[in-house]
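Subject: Structure for your files, with notes

Hello,

Here is the structure I said I would pass on. Please look it over when you have time; my notes are underneath.

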Amino acid sequence: MELEIAVLHAPKRGSSEAEYEDAWHTEPISSNVARLAVADGASEAMLAGRWANELVRTFTDDVAGTAARAAKGWDAVVAEYVADREEREKPIRWYEEPGLERGAYATLLGVEVRADGTFAASAVGDSCLFQVRAGRLLLAFPIDDPAGFGSAPDLLPSRRLDPEKVAAVQRQVSGAWQDGDVFHLATDAVAHWILAHGGPDGAAALTEGDIEGLRERGELRDDDVTLVTAVVTG
């Protein structure tokens, strides 16, 4: 089994790469298994991008277990951030302390693709997986209708994580792939655009140069954009 992977990402309009709060990760575990994940950090929380990165890099086979493992290492991430601020002579201010205490939040979607022709995905929130075969959309998960996106998706917290609550909002799906199938993993803004406007062909052809035009026309919400595309052969 082989995966040909391409990644498209862009920060919000007027934001820098340092302010990009989505995250993505791809990992070929072996010739028999590959894992891909995307996450969308909630901008209103401190260190949202770092939490998103922790989640995608920790993803194994399910979102609930991933969140629990990533949360165990969160104190070390915060300590590193605080130390870096002090080294740059920009120590944490008193008004930032409550934000660090509350923790960060993010959506997460992960998929495991296996050489036996199967795949399994899990998600919390509105980052989505699309499976495309010969230009036809076979699967949109966990949202399959543009009306399903809202302003308050389910989120994974870095602190006070309750495994039972996470299990209650986690969604899972499994299926089979064929040679040449395409998987798109997308955070919410581009996932909504795929369902409402672009479709499978639009997702396959989307480039970084298209993003600003889509935003200006009101087709693409002004948010961080992440689209991981994997073509599977084997």
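The notes below cover a sheet, two helices that lie across it, and one hairpin. Please keep in mind that this is a predicted model.

The sheet

Five strands make up an open sheet, in the order β1-β11-β10-β6-β7, with antiparallel pairing. Its edge strands are β1 and β7 (residues 136-141), each of which pairs on one side only. From one strand to the next the twist averages 15°.

At the β1 edge, β1 (2-10) and β11 (225-233) run antiparallel and are joined by nine bridges. Within that pairing, Val 7 has Val 228 in β11 as its bridge partner.

The helices across it

Two helices are worth a look here. Helix α6 (188-205) lies across β6, β7, β10 and β11, and runs at about 155° to β10 (182-186). Helix α7 lies across β1 and β11, at about 45° to β1.

Helix α7 spans residues 208-216, and its buried residues are Ile 211, Leu 214 and Arg 215. Viewed down the axis of α7, these buried residues fall within an arc of 95°, so they line one face of the helix. Exposed residues Gly 209 and Glu 216 sit on the face of α7 turned away from the buried side. The cover over the buried residues of α7 includes β1, β11 and helix α6. Strands β1 and β11 thus appear twice for α7: the helix lies across both, and both are among the elements that cover its buried residues. After α7 comes Gly 218, with a positive phi near 80°.

The β6-β7 hairpin

At the other edge, β6 (128-133) and β7 form a hairpin with two residues between them. The two strands run antiparallel and are joined by five bridges. Arg 133 stands opposite Arg 136 in β7.

Ala 134 lies in the loop between β6 and β7, and this turn residue has a positive phi of about 50°. Is Ala 134 buried or exposed? Its relative accessible area is 83%, and exposed means over 50%, so Ala 134 counts as exposed. For a sense of distance, Ala 134 and Gly 65 are 69 residues apart in sequence and 34 Å apart in space, taken from C-alpha to C-alpha.

If you go through the model yourself, the sheet order and the buried face of α7 are reasonable places to begin.

Regards

Key. Residues numbered from 1 in each chain as written. Predicted model: local features only at pLDDT ≥ 70, side-chain atom pairs only at ≥ 80, totals over all residues. Heavy atoms only, no water. Buried < 20%, exposed > 50% of the residue type's maximum accessible area, 1.4 Å probe, protein only. Helix = DSSP H or I, 4+ residues; strand = E, 2+ residues; numbered from the N terminus. Arc of directions from axis to C-beta. Contact = heavy atoms within 4.5 Å. Pairing = 2+ DSSP bridges. Axes fitted to C-alpha atoms, helices over the stretch in contact; angles between N-to-C directions.
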